[in-house]
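Q: I'd like to learn how to read a fold feature by feature. Could you walk me through one?

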Amino acid sequence: MKSPLLSLLFGLTVSQASAVVLFTESFETYTPGNIPSPTWTVYNQAQTHVVTGEASEGSQSLWFNDGAAKFHYLRQNNALAIPAGGDLVISFDIKATSASQSPDGLSSFQIDFGSGIQTVLVDLGAFDGYDGSYSGSTITLPNTPSTSGSSFISYSITIPETYFGTSGLNATEMTMRWNTVSSSGYEEFYLDNIVVSSVPEPSSAAAVLALAATGLLFLRRRK
Ligand SMILES: [Ca+2]
Ligand SMILES: [Ca+2]
């Protein structure tokens with residue numbers, strides 16, 4: 001870098017190519033015992049509500065109690081606008097309080113891109129976590145019973161723009177939903193630290209860099 005101006009331009013280029021956070025939910029702003037309203041709808045307040053003392057971020061999370069219904073859900077009320085020009089990265093953390101039988105756990109993480117609910121991820125039995133891509137077929141993780149509870153397990157799912165964008169579903173918004181199932185006592189779950197980001201694809205990041213390089217050449221020629 002030959003001048004502060006060039007350094008500044010390079011810095012701007014790098015920041016333009018980094019992720020943009022579209023949505024976060026850490027359940028910190030709600031009163032424990034309450035529904036996380038108006039952002040979310042839950043199965044029912046007695047069995048699915050905000051609690052304090054269990055968290056992967058801050059001090060609160062959403063508790064899926066082991067109740068008579070044995071199933072619970074958290075559903076986003078308002079669609080989240082999703083921009084063009086990047087892949088979507090959705091991350092969240094889940095923990096189990098006790099051993100989970102093989103049919104129980106995260107029965108599905110789902111997204112509605114405006115064209116119907118799609119199941120993105122199923123993780124029954126032991127929570128296995130996931131870091132990879134979803135391109136339209138359900139990701140099914142190993143379904144083996146766990147012998148004990150777990151700490152918070154992190155999931156990160158990338159949804160390529162080729163799937164939801166103009167060349168695919170042509171979606172401009174999305175809503176998320178988590179469903180859990182339990183078949184015996186004390187199979188309870190906590191959800192926390194939901195983050196949705198838009199991350200420029202390598203091709204768009206490269207295009208930004210190329211554009212910046214052209215700009216730098218232009219500036220240098222003017223000197
Ligand atoms: Ca939290
Ligand atoms: Ca599993």
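Q: Which residue stands opposite Phe71 in S13?

A: Val181 of S13 stands opposite Phe71. Keep in mind as we go that this is a predicted model. The pair belongs to a longer ladder: S5 and S13 are antiparallel, with five bridges between them.

Q: What does S5, residues 71-76, do with S2?

A: S2 and S5 also pair, in the antiparallel sense, over three bridges. To find the register there, start from Val42, whose bridge partner in S5 is Leu74.

Q: How many helices and strands does the chain have?

A: Three helices and 14 strands. With that many strands to track, pairings are a handy way in, and S14 is a good one to follow next.

Q: In what sense do S7 and S14 pair, and over how many bridges?

A: They pair in the antiparallel sense, over nine bridges. One register point is Ser91, which has Val195 as its bridge partner in S14.

Q: Which residue stands opposite Thr24 in S14?

A: Val195 again: Thr24 stands opposite Val195 in S14, and Ser91 has Val195 as its bridge partner too. The strand pairing behind the Thr24 case is S1 with S14, antiparallel over five bridges.

Q: How many bridges join S4 to S14?

A: Three, and these two strands run antiparallel as well. Here Leu62 has Leu191 as its bridge partner in S14. Hold on to those two names for the core.

Q: Which residues have the most contacts inside the largest nonpolar core?

A: The general idea first: in soluble globular proteins, nonpolar side chains tend to be buried together. In this model the largest nonpolar core has 36 residues, and Leu62, Ile94 and Leu191 are the ones with the most contacts inside it. Among the strands that each supply at least two residues of this core are S4, S7, S12 and S14. Leu62 and Leu191, remember, are also bridge partners.

Q: Which residues is Ile94 in contact with, leaving aside its neighbours within four places in sequence?

A: Its contacts are Leu106, Phe127, Phe152, Ile153, Phe189, Tyr190 and Leu191. So for Ile94 you look well along the chain in sequence numbering, and the chain-wide figure is worth having beside that list: of the contacts with a separation of 6 or more, 72% are between residues 24 or more positions apart.

Q: Is Ile90 buried or exposed?

A: The reasoning is a count of neighbours. Ile90 has 22 C-beta neighbours inside 10 Å, and the cut-off for buried is 20 or more, so Ile90 counts as buried. Ile90 sits in strand S7. Outside its neighbours within four places in sequence, Ile90 contacts Ile157 and Val196. Tyr155 is 65 residues away in sequence, yet the C-alpha atoms of Ile90 and Tyr155 are 8.0 Å apart.

Q: What percentage of the 223 residues of the chain count as buried?

A: The figure is 29%.

Q: Where does Pro160 lie, and is Pro160 buried or partly exposed?

A: Pro160 is in the loop between strand S12 (153-159) and helix H2 (161-164). Pro160 counts as partly exposed because 17 C-beta neighbours lie inside 10 Å. Beyond its neighbours within four places in sequence, Pro160 contacts Asp87, Ser133 and Ser135. Val89 is 71 residues away in sequence and 8.6 Å away in space, C-alpha to C-alpha.

Q: Which residues does a cis peptide bond join?

A: For this you read omega. The cis bond joins Ser37 and Pro38, with omega about 5°. Pro38 is in the loop between S1 and S2.

Q: What is the phi of Phe27, and where does Phe27 lie?

A: Phe27 has a positive phi of about 60° although it is not a glycine. Phe27 lies in the loop between S1 and S2. Despite that loop position, Phe27 counts as buried because 27 C-beta neighbours lie inside 10 Å.

Q: What is the phi of Lys70, and is Lys70 buried or partly exposed?

A: Phi of Lys70 is near 70°, again positive in a residue other than glycine. Lys70 lies in the loop between S4 and S5. Lys70 is partly exposed, since there are 14 other C-beta atoms within 10 Å.

Methods
Residues are numbered from 1 along each chain as its sequence is written. Chains are lettered from A and ligands numbered from 1 in the order in which they are written. This is a predicted model: local features need pLDDT of at least 70, side-chain atom pairs count only at pLDDT 80 or more; totals for chains, interfaces and linings use all residues. Helices (H or I, at least four residues) and strands (E, at least two) are DSSP runs, numbered from the N terminus. A residue is buried if 20 or more other C-beta atoms lie within 10 Å of its own, exposed if 12 or fewer, and partly exposed in between; C-beta atoms are placed from the backbone. Two residues are in contact if their C-beta atoms, placed from the backbone, lie within 7 Å. A nonpolar core is a set of buried Ala, Val, Leu, Ile, Met, Phe, Trp, Tyr and Cys residues joined through C-beta atoms within 7 Å. Two strands pair if DSSP finds at least two bridges between them.
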